[in-house]
Amino acid sequence: MMRFFSKKIILNKNRINLFKNIFSLVILQFSNYIAPLLVLPYLGRVLGIEGFGYVAIILSLCGILNLVIDYGFNNSAVPYIAKNISDKIKVNKIITSVLCVRLSLVLFVTVVLVSLKDTIEIIHLNNELIFYIFLTLLGQSLQAIYLFQGIEKMKLMTYAIMSSKLIYLIMVFVLVSNENDVNDVILSLGLSSLLGGVVSFLLVFKQGYSFYKVSVSEVFFQVKSSFPFFISRAAVTIYTSASVFIVGSFSGKLQAGYYGSSEKLFQAAQSATLPIISALYPYLVKNKDYKFFFKLVFSMFFLIMLVSLLCIYFSSGLLLLIFGEEFTSASDVFSVFMIIVPITFLSMSFGYPAFALLDKIKIANISVMIGSFFHISLLTVLYGLNLVNAFNVVCCLLMTESLVCLIRISSFFKYYKHAKIKVNKIHE
């Protein structure tokens, strides 16, 4: 009896920590997207739809490169740190290994950008713009989100993100005044990202963590361990961050403007759900709390679906209010994005958090690889028919996200059923 109550107290305490972590992540995501949301109406009107489309294409490129330099560590390192939280040497070693890999990748992608700057026609890459992108990637490489997520102290990371977003907001309003100031948007992003990275690492040291001598084999082990997560994220990027770049490359800046503006609002909607998924991941790794997982996910799903339907109903008005009259033609693209919001919430919930319950993370990675192959096939058909535009690409995204969600949910319940049968047999 005492053991039962002891377990109950520990579980309740862990749930309280989970809610604290979710709240911190909500603030983090709010600050992560409130600055762009405040900037979007300004940029939409100052740069015009084609200028906005051009910025969206560059930001899409930054998203692709950021995927490379992260190398999946924001997923792979979280459970490792959650399980070894009491061993500071192990945690210090992973911090050092991750930073070594990330900085090496920042240098690598910068060299690649310089060598390819004359071949990427949709973006007029020059040394100035490449340097601003380098600052953005360097700042992202320093952000130790994986650490604070693993130790369930994400409220500390909010300070770093909020300070960087505030700087971004101020710089955009000061530096960008007409359609010729596109590069200054990326400069603002680069400097604010670097500030966020520096503050992040100062907080790492303040928590008592530091760098620790690591061998080449230890760094290679982390590279090898994170590779499946990197491939998984690369697969996701093909049908998420890369889409604006694809639309812009084949259909021009106007279509990129339609897609990019709607995608920004889609990402803002997603930001409301990401804190739940991010906080659930380390919590479920440690506690295996099935009942709480089901209650939280399905209650949130119906709430998100209701909000998405309201956004679809008022789609034209929202685009007019946020971006201006030029962007109202993107209402059909925006509406499809809003259909995708509840689907991606379910898909992400039944991704790493759900499969952490079953210790079968590989299935989450495999599902997005299948989704990526499916999405590439759809885009190939569109290209062959000369139908690559904002609306058709977002419809492809809807089909891809639905497929990934279906694979994850069906696979989860299949293995969950087997796990329950095993447990029942043990008790018998």
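**Warm-up: how far can we trust the model?**

On average, the protein has a pLDDT of 79, and 81% of the residues score at least 70. Here pLDDT is the predictor's confidence in each residue, from 0 to 100. The model is a predicted one, so local features need pLDDT of at least 70, side-chain atom pairs count only at pLDDT 80 or more, and totals for chains, interfaces and linings use all residues. Residues are numbered from 1 along each chain as its sequence is written, and side-chain values use heavy atoms, with hydrogens and water left out.

**Exercise 1.** Find which element has the lowest mean pLDDT and which has the highest, then look at residues 421–428.

*Solution.*
- Step 1: Helix α11 (residues 274–287) sits at the bottom with a mean of 61, while α14 tops the elements with 91. Helices (H or I, at least four residues) and strands (E, at least two) are DSSP runs, numbered from the N terminus.
- Step 2: Now try residues 2–11: pLDDT is below 50 there, and the stretch has 3 contacts beyond near neighbours in sequence. A contact means heavy atoms within 4.5 Å.
- Step 3: Residues 421–428 also stay under 50, with 0 contacts beyond four places in sequence.

**Exercise 2.** Work out which parts of the chain the pair F350 and F412 ties together.

*Solution.*
- Step 1: Aromatic pairs number 21 in this structure. Rings of Phe, Tyr and Trp (its six-membered ring) pair if their centres lie within 6.5 Å; planes under 30 degrees apart are stacked, over 60 edge-to-face, and the rest tilted.
- Step 2: F350 and F412 are 5.3 Å apart, centre to centre, with 75 degrees between their planes, which makes the pair edge-to-face.
- Step 3: F350 is in the loop between α14 (331–349) and α15 (352–358), and F412 is in helix α17 (residues 390–427), so the pair links parts 62 residues apart in sequence.
- Step 4: Check burial: F350 is buried at 0% relative accessibility, and F412 is buried with a relative accessible area of 0%. Buried means under 20%, exposed over 50%, partly exposed in between (1.4 Å probe, protein chains only).

**Exercise 3.** Explain why the buried residues of α13 are on the same side of the helix.

*Solution.*
- Step 1: In α13 (residues 315–322), pick out S315, L319 and I322, which are buried.
- Step 2: These residues cover an arc of only 75 degrees around the axis, so they share the same side of α13. The arc is that of the directions from the helix axis to the C-beta atoms.
- Step 3: Keep going just past α13, and you meet G324 with a positive phi of about 120 degrees.
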